[in-house]
Amino acid sequence: MLQLREITKYFADRAIFSGIDWHIRPSDRIGLCGENGAGKSTLLKMLAGLVDSDGGTLQIAKGTTFGYLPQDGLEHSGRSLFDEVHSALEELRKMEVEMRLLEENLSGDHTDAEMEHYAELQQLFEERGGYRMESEVGRVLTGLGFSTDDFSKPCEHFSGGWQMRIALAKLLLQRPNLLLLDEPTNHLDLPARDWLEDYLLAYPYAVVLVSHDRFFLDKVVTRIVEIWNGDLTEYPGNYSKYIVARDERVAALKAAKQQQDEEIVRTESFINRFRYQANKASQVQSRVKQLEKIERISLPPERKKIAFSFPAPPKGGRMAMELLGASQHYGELKVLQKVDVQVEQGERVALVGPNGAGKSTLMRLLAGVEAPIGGERKEGHNLHLAYFAQDQAAELTATRDVYEELSADSPVAMVPKLRNILGAFLFSGDDIEKKVKVLSGGERNRLALAKLLLRPANLLLLDEPTNHLDLQSKQVLLDALKGYQGTIVFVSHDRYFVDQLATRVLEVGGGKVESYLGNYEDFLCAKERLGDSSHSSVRVEQQVEKSDDEQPLDKEARRQAHAARKEQQRREKKLQKQLTEVEQLIEQLEEQVAELEQVMADPDLYQDQERWRQVSGEHIELKERLESAYQEWETLQESV
């Protein structure tokens, strides 16, 4: 379908791509991964024909059509939403007009050729879904979160995130042979992401995408292409399989490089030792040539393992926060109607629901930023809350640099960790000296979140904390929140993040708030058992066969399911701890073996037979212990 041969691309004197070869097949589902600045977006633009390469050839199969969705910057105006999206089917609309004209002409005298042309046109129109045009436009718009009331609204009334949804809808309806998506989930809520996952899984052509949503990558792609150091490396499977395979590949490369380095040291040692001995000249020359032929193994850079922890939260009461009969209206719009919300100490509560359902309104009520027009807000004993709003970046001081802004309100105990925290939020090197006023919107958001997390609090209210973070930074934040001992209420459209963190889900919508124990997957299971699929196109990894007399999941059953999940998490944590201990033991044993082999490499050792036997015995014992540790590690890996 499409093939890249020896493609090169430079930005100034930096090689983004150094002679890459790559082949995209007609039904591929490919995820592009790599560090920020590695060239993922550049590669998508090159495939879309928006950026030229500096060398090499791009071979495209005849009839290939391209569809490209950038991260942002698209705007639509001048037409209603429905008409704008319907315009993506311009070719089908032209065919329809031609068919109508032919039908009028065929009412009188007509030739066989005219009849044949009409029949061919009608068949092609039907094959391309022409008779389902309007229903398909409605299906895609509804799937991406637009209501039927939105269909007649002018496009200019929609904000930036909704503008990108309009662009995505048009692209999906055009059904190109090669779909190129740069962060397609950036502006989608969880129900819309669920719908897009299903749509792409059923998409009949090739898809290449960049995403910082781990769950989305795991569901949609079947191949990962990693961009590093100007080259591409392919891994079969989804993102989770790629993480494991990449670590195994790097470990194998390290072992091979260590072996190669040892061989080089031995060869150089022989050359240096016998360089000036005439009877060894031929052997020395042979080893010199041997050295020159060695293709040196280069290792990918170690990924920085940055981590930070929250300051210990102040002790609070059993109940962190309550809303009793709370209502919030904006004119005629009744967002919340007499809702009761209790948040207990230590909970991790996720708010879910489509955009506009009232999640951010509920967060503002909990934070005390807005007072409910009815009902009551009650704070728990000794409450210290920290609130991250979606527009939190507006609170930053424009004249400070990044480091000054973060350190301005930092407790003294956290000052040594500030650079690590900035690194976790993608600020490194000279970035920390940038003035806040020159930061992009995404950089400001990340800095605001980093700053907020420094404040000692026993209740964190986080509205979209994962926006603008890459996969590694999300994991850093997730690990920090998992280790946090206080209470968390959060909104996130990252399914993996919600599944890993939430212990309870509050569904917001229709003026009500419904509570479900467990994470998002548990929530979807409960919704399906209750026979309600209104939240999303409910899909569960392992469908449970229902008997005819199966009753809806009651509170006790949900509680039991939650307890079982917690027990599973405890077992996994214990296994992970054992795995870490075995890995540390393997590392220690490998170091001891390496030290002993260095001793054994000394020719003088073999002059002392007793010493040689002792060292040899220690070496055998260490190798046996190492082999046993490897076996234990493999057993634990299979159990994790």
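This passage describes two sheets, a helix pair and a helix with its ends in a predicted model.

Towards the start of the chain, three strands build an open sheet. Their order is β2-β1-β4, and the pairing is antiparallel. Strands β2 (14-24) and β4 (55-60) stand at the edges. Each has a single partner strand, so one side of each is left without a neighbour in the sheet. On average, neighbouring strands of this sheet are turned by 20° against each other, direction ignored. Strand β1 covers residues 2-11. Five bridges join β1 to β4, and the two run antiparallel. Within this pairing, Thr8 stands opposite Gly55 of β4.

Next comes a pair of helices. Helix α5 spans residues 133-143, and helix α6 spans residues 160-174. The two pack at an angle of about 135°. Their axes lie 10 Å apart. An angle between 115 and 145 degrees falls outside the parallel, perpendicular and antiparallel ranges. Helices α5 and α6 are therefore oblique to each other. The crossing of α5 past α6 is right-handed. Residues from both helices meet where they pack. From α5 come Glu136, Val137, Val140 and Leu141. From α6 come Ala169, Leu172 and Leu173.

A second open sheet also has three strands, in the order β11-β10-β13. Here too the pairing is antiparallel. The edge strands are β11 (333-344) and β13 (374-379), and each pairs on one side only. Neighbouring strands of this sheet are turned by 15° against each other on average, again with direction ignored. Strand β10 takes in residues 319-330. Eight bridges link β10 to β11, and these strands run antiparallel. Tyr330 stands opposite Leu333 in β11. A helix accompanies this sheet. Helix α11, residues 359-367, lies across β10, β11 and β13. Helix α11 runs at about 125° to β10.

The last element considered is helix α17, made of residues 520-529. Which residues of α17 are buried? They are Tyr520, Asp522, Phe523, Leu524, Ala526 and Lys527. What caps the N-terminal end of α17? Asn519 does: one of its side-chain oxygens lies 3.2 Å from the backbone nitrogen of Glu521. After the helix comes Gly531. The phi of Gly531 is positive, near 75°.

Key:
Residues numbered from 1 in each chain as written. Predicted model: local features only at pLDDT ≥ 70, side-chain atom pairs only at ≥ 80, totals over all residues. Heavy atoms only, no water. Pairing = 2+ DSSP bridges. Helix = DSSP H or I, 4+ residues; strand = E, 2+ residues; numbered from the N terminus. Axes fitted to C-alpha atoms, helices over the stretch in contact; angles between N-to-C directions. Contact = heavy atoms within 4.5 Å. Buried < 20%, exposed > 50% of the residue type's maximum accessible area, 1.4 Å probe, protein only. Polar contact = N/O pair within 3.5 Å; in protein donor to acceptor, adjacent residues only side chain to side chain. Parallel < 35°, antiparallel > 145°, perpendicular 65-115°, else oblique. Left-handed = near helix turned anticlockwise from the far one by under 90°.
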